[in-house]
Amino acid sequence: MKNNILLFLLLSVLGNAQVNRFFYEYKFIPDSNDKNDVKKEMMLLDIDKNGSNYYSRDKFVSDSTSMADLQKQIKGGSGNISVNRKENSGQVSYKVTKTYPDFKTFLLTRVSMDQYKVKEDQKPEWKILSDKQKIGEYNAQKATTSYGGRDWIAWFTTDIPFQDGPYKFYGLPGLIVKIEDTTGSHIMTLVGNKKIESSSTGSETELPGNVRLVGIGGKEIEITKDQYKKVWKAYVNDPAKNMREMMMRNGGDSNTKISFRVKTADGKEISDPNQVFRDVEKRTKETLAKNNNPIEPDLVK
């Protein structure tokens, strides 16, 4: 009877063009040399009849607010655009999309000033075990997989009839309510859910052709995982290359003005291009050194 009720609810939700939103607490250790520094991020998994989207709640709110402010300034026609990002703009910048029923999976992520849509070519291969336990309010069963350079332990529940889960994980006979790698570096746990109207999930807003804002909007470059690995390696070797090339491409266009500005740790603004590039390289290498424990090591080898 319980399964029949859940099936009825599922069909009802999909028929009314609603979205099932699942809230996952994501705990992760960005620096393998500092395992006491555990970060937390609230992630959203939105599921409708067409597929699912997994992304940071804080980043979504921050981007939506910044985009609304940007659109307001553009409509104002003053010619001067200034966007102040919220301090709490999220620690997780990527997004994962899956389409039903084939579960075609893409990772949406940025490298420097470009946004990439990376097609996933590996399907999680699960080993379902007999172990069972209660995860929150759900009866869950254990499963394991090796994926992206890590070994994972997942707990799924047939109480929720979606064969989906956080990040790129899917394919179990129910929703994944908890998954963690065997080192304890990445843990995603379901902490709540609700139904929302499909329009509440928001959508990407395209920026005008002459406006480019790092981290918000823009067209995605669809590439394979192997192509992405090459892009990432080039970025690590030369973090400011993209910025330099952009300035060179537009240097002869009198109608285009490109300027880069950054603020140092003490609040001082730098506008000299060469100094900006040096600062970007320095900061990027420092950031990469402190974020050496990614969720998918195989993608950034």
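Which residue's side chain does the side chain of Arg150 join in a polar contact of 2.7 Å? The legends below take up this contact and other parts of the predicted model.

**Figure 1. Overview of the predicted protein.** The protein has 301 residues, and 40% of them count as buried. Its secondary structure is made up of 5 helices and 14 strands. About 17200 Å² of the protein is exposed, with carbon and sulfur atoms supplying 48% of that area. Where contacts link residues at least 6 apart in sequence, 58% are between residues at least 24 apart.

**Figure 2. Surroundings of Arg150 in strand β9.** The strand spans residues 150–157. The side chain of Arg150 forms a polar contact of 2.7 Å with the side chain of Asn293, which answers the opening question. The side chain of Arg150 also comes to 3.3 Å from the backbone oxygen of Ile295. Not counting residues up to four places away in sequence, Arg150 touches Thr145, Asp181, Thr183, Ser185 and His186, and also Asn293, Pro294, Ile295 and Pro297. Arg150 counts as buried because its relative accessibility is 9%, and the cut-off for buried is under 20%.

**Figure 3. The two sides of helix α3, residues 225–237.** This helix has 13 residues. From its first C-alpha to its last, α3 reaches 18 Å, close to the 18 Å expected at 1.5 Å a residue. Lys225, Tyr228, Trp232 and Tyr235 are the buried residues shown in α3. They cover an arc of only 75° around the axis, so they lie on the same side of α3. Asp226, Lys230, Lys233 and Asn237 are exposed, and they are on the other side of the helix.

**Figure 4. Gly174 in the loop between β9 and β10.** The loop that holds Gly174 leads to strand β10, residues 175–181. Gly174 has a relative accessibility of 3% and therefore counts as buried. Leaving aside neighbours within four places in sequence, its contacts are with Phe156, Thr157, Thr158, Ile160, Phe162, Gln163 and Asp164. Trp155 is 19 residues from Gly174 in sequence, and their C-alpha atoms are 9.5 Å apart in space.

Key: Residues numbered from 1 in each chain as written. Predicted model: local features only at pLDDT ≥ 70, side-chain atom pairs only at ≥ 80, totals over all residues. Heavy atoms only, no water. Helix = DSSP H or I, 4+ residues; strand = E, 2+ residues; numbered from the N terminus. Buried < 20%, exposed > 50% of the residue type's maximum accessible area, 1.4 Å probe, protein only. Polar contact = N/O pair within 3.5 Å; in protein donor to acceptor, adjacent residues only side chain to side chain. Contact = heavy atoms within 4.5 Å. Expected span 1.5 Å × (residues − 1). Arc of directions from axis to C-beta. Areas by Shrake-Rupley, 256 points an atom, 1.4 Å probe, with all protein chains shown as cover.
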